[in-house]
Amino acid sequence: MPIDATQAYDDTNIFARILRGEIPARRVYEDDHALAFHDIHPQAPVHILVIPKGPYVSWDDFSARAPAAEIAGFVRAVGHVAREQGLVAPGYRLLANTGGHGGQEVPHLHVHLFGGRGLGPMLAR
Ligand code: AMP
């Protein structure tokens, strides 16, 4: 079920639990501001999720409330993971679903990083 992106942050969500180490994840990168791990149901040969460590529901919430250092740290982490995974030369796709129309299901901001093959049209037609 897609979430309401205007809701308050709920720290029982699955990514909050991954951040607290309560449930496992196949981690690929971590720094002060961000954590990256493999999506449990990959939709491309490379499908990694990058999340900020702070409590933000969505891109909207993050861009409105996060301090500049957290925003810079998160954006740099996404770029770092893409470079580290060797995705820059072949190319890759970033996606941040937000709220109902975006189809967001987990209410903790995450950027999907897809790669490893040609990814086709931007949206299903
Ligand atoms: P979204 O629709 O943008 O909210 O996407 C949520 C993503 O989280 C989906 O691609 C799920 O496969 C992924 N996901 C859900 N639970 C886990 C988990 N425990 N570990 C890794 N990825 C997960």
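This report walks through the ligand site of a predicted model and then turns to asparagine 13.

## Where the ligand sits

Let's begin with the setting: the largest pocket is the one that holds the ligand. Around the ligand there are 16 residues, and those that come nearest are Asp39, Asn97, Glu105, His110 and His112.

## Polar contacts to the ligand

Oxygen atoms of the ligand are met by both side chains and backbone, as the next three residues show. Aspartate 39 places a polar side-chain atom 2.5 Å from a ligand oxygen, and asparagine 97 does so with a polar side-chain atom at 2.8 Å. Glutamate 105 takes part through its backbone, where an N or O atom lies 2.6 Å from an oxygen atom of the ligand. As for cover, the ligand taken alone exposes 510 Å², and the protein buries 85% of that.

## What the shell is made of

Two elements, α1 (14-19) and β2 (34-38), each give at least two residues to the shell around the ligand. The largest share belongs to α1, with three residues.

Sorted by class, the shell has seven nonpolar residues, seven polar ones and two charged ones.

## A look at asparagine 13

Asparagine 13 is found in the segment before α1. Is asparagine 13 buried or exposed? Its relative accessibility is 6%, and because buried means under 20%, asparagine 13 counts as buried. Its side chain also has a partner in the backbone: the side chain of asparagine 13 reaches the backbone nitrogen of phenylalanine 15 at 2.9 Å.

Key. Residues are numbered from 1 along each chain as its sequence is written. This is a predicted model: local features need pLDDT of at least 70, side-chain atom pairs count only at pLDDT 80 or more; totals for chains, interfaces and linings use all residues. Side-chain values use heavy atoms; hydrogens and water are left out. A residue is near a molecule or strand if one of its heavy atoms lies within 4 Å of it. A polar contact is a pair of N or O atoms within 3.5 Å; within protein, one must be able to donate a hydrogen and the other to accept it, and residues adjacent in sequence count only if both atoms are side-chain atoms. Accessible areas come from the Shrake-Rupley method with a 1.4 Å probe; for residues, only the protein chains shown count as cover. On a 1 Å grid over the protein atoms alone, a cavity is a set of points where a 1.4 Å probe fits but cannot get out, and a pocket is an open set with protein on both sides within 12 Å along at least five of seven lines; lining residues have an atom within 4 Å of a point. A molecule sits in a cavity or pocket if more than half of its atoms lie within 2 Å of its grid points. Helices (H or I, at least four residues) and strands (E, at least two) are DSSP runs, numbered from the N terminus. Ala, Val, Leu, Ile, Met, Phe, Trp, Tyr, Cys and Pro count as nonpolar, Asp, Glu, Lys and Arg as charged, and the others, Gly among them, as polar. Buried means under 20% relative accessible area, exposed over 50%, partly exposed in between (1.4 Å probe, protein chains only).
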